[in-house]
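Got the viewer open? Let's take a short walk around the ligand and the place where it sits, one selection at a time.

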Amino acid sequence: MENCLFCKIVAGDIPSAKVYEDELVYLFEDIAPTAPIHYLCIPKELISKLDEIDETNSAVIAHIYEVIAKLAKDLDLKDGFRVVTNCGENAGQSVFHIHFHLLAGRPLQWPAG
Ligand code: AMP
């Protein structure tokens, strides 16, 4: 945990552009955005990868989706948005603290490469 980039962001040891925070989750702007809106949504508690989700930690994942749904309403993303989680090397996961990319503000191609 001490070497986890996103844990350091949650702790405030590395600066970030905060979008939303509550007791369970932290949302911030991606440092290299690929869309006009590109936020990262993370649980404060470290879950490294999507395949580590189980019955002991899945409540925070449901909460992340509730937060995203409310944010999408607040930001009026009625034209659509995408939520992406890369899991593991082949999927391009580069930070091993589970995160949900929230992408919006332009047409998004599918399938995504
Ligand atoms: P992934 O490749 O799916 O693991 O996504 C990791 C994301 O973290 C990438 O989109 C990076 O641009 C983003 N990222 C890396 N370092 C930072 C940082 N210090 N602040 C904000 N976003 C970051």
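Start with the ligand and Ile 31: a polar backbone atom of Ile 31 is 3.1 Å from a nitrogen atom of the ligand. Keep in mind that this is a predicted model.

Next, pick Asn 86. A polar atom of its side chain lies 2.8 Å from an oxygen atom of the ligand. Then click on His 101, where a side-chain N or O atom is 2.9 Å from a ligand oxygen. Now show the ligand's surface: on its own the ligand exposes 510 Å², and the protein buries 83% of that.

Time to widen the selection to the shell around the ligand. There are 16 residues here, and Asp 30, Asn 86, Ser 94, His 99 and His 101 come nearest. Colour the shell by class and you get eight nonpolar, six polar and two charged residues.

Now turn on the pockets. The ligand sits in the largest one. Which elements give two or more residues to the shell around the ligand? Select helix 1 (5-11) and strand 2 (25-29) to see them. Helix 1 gives the most, with three residues.

Last stop: hide the ligand and look at the largest pocket itself, with its volume of about 300 Å³. Its lining takes in 20 residues; Phe 6, Phe 28, Asp 30, Ile 31 and Leu 40 lie nearest the pocket's centre. By class, the lining has eleven nonpolar, seven polar and two charged residues. Helix 1 and strand 2 turn up again, each supplying at least two residues of the lining, and the largest share, three residues, comes from helix 1.

Technical notes. Residues numbered from 1 in each chain as written. Predicted model: local features only at pLDDT ≥ 70, side-chain atom pairs only at ≥ 80, totals over all residues. Heavy atoms only, no water. Near = heavy atom within 4 Å. Polar contact = N/O pair within 3.5 Å; in protein donor to acceptor, adjacent residues only side chain to side chain. Areas by Shrake-Rupley, 256 points an atom, 1.4 Å probe, with all protein chains shown as cover. 1 Å grid on protein atoms, 1.4 Å probe; cavity = no way out; pocket = protein on both sides within 12 Å on 5 of 7 lines; lining within 4 Å. Sits in = over half its atoms within 2 Å of the grid points. Helix = DSSP H or I, 4+ residues; strand = E, 2+ residues; numbered from the N terminus. Nonpolar A, V, L, I, M, F, W, Y, C, P; charged D, E, K, R; others polar. Points joined across faces, edges and corners; volume = space filled by probe spheres on them.
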